[in-house]
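Trainee: Could you take me on a close look at one part of this protein? I would like to follow a strand and what lies around it, and then hear about the neighbouring pieces.

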Amino acid sequence: MVATRTVSLLDPASLTLAEQIAQMLIVRASGHLFDQQIRYPIWEPPASKLQHWVQDLNVGGVILLGGSAAEIALRSQQLQDWATIPLLICADIEEGVGQRFSGATWFPPPLSLAAIDDRTQALKLAQQMGAITAQEALAIGLNWILAPVVDVNNNPDNPVINVRAFGETVDAVSELAIAFLQGMQQHPVLTCAKHFPGHGDTAVDSHLTLPTLPHTIDRLEQIELPPFVAAIRSNVDAVMSAHLQIPAIDPQYPATLSRSILTDLLRRQLGFDGLIVTDALVMGAIANEYGANEVPVLAIEAGADILMMPLDPEGAIQAVCAAVESGRISPERIAESIDRIWQAKQKVCAPQLSDTSPHAWETLPPPPIQLEQLATPDAIATAATILQASQRVHRPDAITPGGRNLIVVDDAIECDFLGSHTPAIALPAQHGYTYQLVDSHTLARPSDDEPPTLLQLFIRGNPFRGSAGLTQTAQSWVEALLAIDRLQALVIYGSPYLLEHLPRLPDRVPYVFTYGQMPQAQAIALEALFEAKNS
């Protein structure tokens, strides 16, 4: 049974300074329930430390990664039970809850919507995708969705935004992202436009190092800023900063730490009065350049309300406390952020509340788990429609099945979307193929005596990958199979830009491109290859 929270501090002004600052922190935790399941111990604390941060320090929220949707439901209730003040519980679920948490609906990435020729259909699907994502998030205890991405991906070599964007033009991004946002707004969740003031035209992964955006202010006002303006006008709850340098606005500090960008531009010029949240402060673009406990101080000075994933939460609280006590940061600056955080929590921690008391939300139990709302037939059908409408198929002739099914991935250990039961392996097996899996760590190399090969490439831009293009392993296999005329067919899962980087394919070689990598995308793509007519 879930216990009702007991809150003795009904007025945020009655919190201690350390407790107020702790409310500005979002800490990362594993979605798995047990310490032995933690995959990233540098970032994800064991249960005892996590409980200490939530229960004793009173951090404001938690960002979750890993685990199944059912585990997240239990984890979110556990976290809320520990908390004195209800938590913001968030996740990067830009492609639906199933992107991060198995069992829920996993949509193809947002760029797939821009590839749908019928714009009316694309907008409708974007709105449905947003609504389903919000519904499933709430069903497992998440109340803050860190989406939509409103960066304009006008640089195909962008390794960190890439297919996460809603398009390559201002109009496409603005229209589709707002439709997605409106879908989410049908449910009581917080939303977040990112990455301000625009991370689309970069070729450096800010998870690894600091990118520079060399554009003029006029260019920023034409390309990067309009989707954020549209999101603000559509009442987005939060805006996330980008870890990138923009010399035209601030030659000294990256956007996350720049008062000129967060306060002068976003808060004052664009009139945004919601939550300003930093991108993860453990990312290399920030962590490699500034001290772990100086970064939180600089971010708050710049205008941030929420510190996402500080490297040392306790040290961050102490450092900001010291900055306030020394006069470097004013108490009023902290109070402004706490007011915004309280307004956000009132919105999502008790949306069904009829009592108008401003603090009644603090004493309610968290909402019940509703796993029956996950992966409903309508949600699965919506994902399938997006996959089919955005898919590219070239099939000049029927395929004579049989041979080798060669699957190339970045890292075989990290492939949660592949297994002997998944369509990429199971469906070709039904047609007489034997499979081989290779990645960048595989010693096997192409030879002059290869069998007829169905080649499946799972490659897309991902954080920490550092590249959006073909790996050397994938490049070698494509070139070798073409050279000896053993490329029977090609399926690409992920990035549409790979088609532009591939060696020119002979017209006789059939191929399918799909934006998705999940089993549903595999099934739809392979069915098109083996059964559908060329379109």
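Mentor: Happy to: here is a walk along one strand and its surroundings, followed by some helix contacts and a second sheet. Please keep in mind that this is a predicted model.

Let's start with strand β6, which spans residues 238-241. Are its faces covered or not? Both are covered: A238 and M240 are buried on one side, and V239 and S241 are buried on the other.

Next come the partners of β6. Strand β5, residues 192-196, pairs with β6 in the parallel sense, with four bridges between them. Within that pairing, F196 stands opposite S241. Strand β7, residues 275-277, also pairs with β6 in the parallel sense, here over three bridges. The bridge partner of A238 in β7 is L275. As a reminder, strands of a sheet pair through backbone hydrogen bonds, either parallel or antiparallel.

Now step back from β7 into the loop that links α9 to it, where you will find F272. F272 has a relative accessibility of 3%, so it counts as buried, the cut-off being under 20%. Which residues does F272 touch, leaving aside its neighbours within four places in sequence? They are I232, V236, D237, A238, V239, L266 and R267, and two of these names, A238 and V239, you have already met in β6. As for I261, it is eleven residues from F272 in sequence, and their C-alpha atoms are 12 Å apart in space.

Helix α9 itself covers residues 259-269, and T263 is found in it. T263 is buried too, because its relative accessible area is 10% and the cut-off is under 20%. Apart from neighbours within four places in sequence, T263 is in contact with S258, R268, A302 and G303.

Earlier in the chain there is a pair of helices, α7 (residues 217-224) and α8 (residues 226-233), whose axes come within 5 Å and cross at roughly 55°. The two are therefore oblique to each other. On the α7 side the contact uses L220, E221, Q222, I223 and E224, and on the α8 side P226, P227 and F228. Sorted by class, that contact has five nonpolar, one polar and two charged residues.

A further helix pair is α5 (residues 119-139) and α6 (residues 170-184), with axes that come within 6 Å and cross at roughly 40°. That angle makes α5 oblique to α6, and the crossing is right-handed. Among the residues making this contact are A122, L123 and A126 of α5, and L176, A179 and F180 of α6. The classes here are eleven nonpolar, five polar and two charged residues.

Finally, have a look at a six-stranded open sheet, with mixed pairing and the order β9-β14-β13-β12-β10-β11. Its edges are β9 (392-394) and β11 (433-438); each has a single partner strand, so one side of each is left without a neighbour in the sheet. From one strand to the next, the twist averages 10°. Inside this sheet, β13 (residues 487-494) and β14 (residues 511-514) run parallel and are joined by four bridges, with I492 opposite F513 of β14. Helix α15, residues 423-430, lies across β10, β11, β12 and β13, and runs at about 175° to β10.

Terms used. Residues numbered from 1 in each chain as written. Predicted model: local features only at pLDDT ≥ 70, side-chain atom pairs only at ≥ 80, totals over all residues. Heavy atoms only, no water. Axes fitted to C-alpha atoms, helices over the stretch in contact; angles between N-to-C directions. Parallel < 35°, antiparallel > 145°, perpendicular 65-115°, else oblique. Left-handed = near helix turned anticlockwise from the far one by under 90°. Contact = heavy atoms within 4.5 Å. Nonpolar A, V, L, I, M, F, W, Y, C, P; charged D, E, K, R; others polar. Pairing = 2+ DSSP bridges. Buried < 20%, exposed > 50% of the residue type's maximum accessible area, 1.4 Å probe, protein only.
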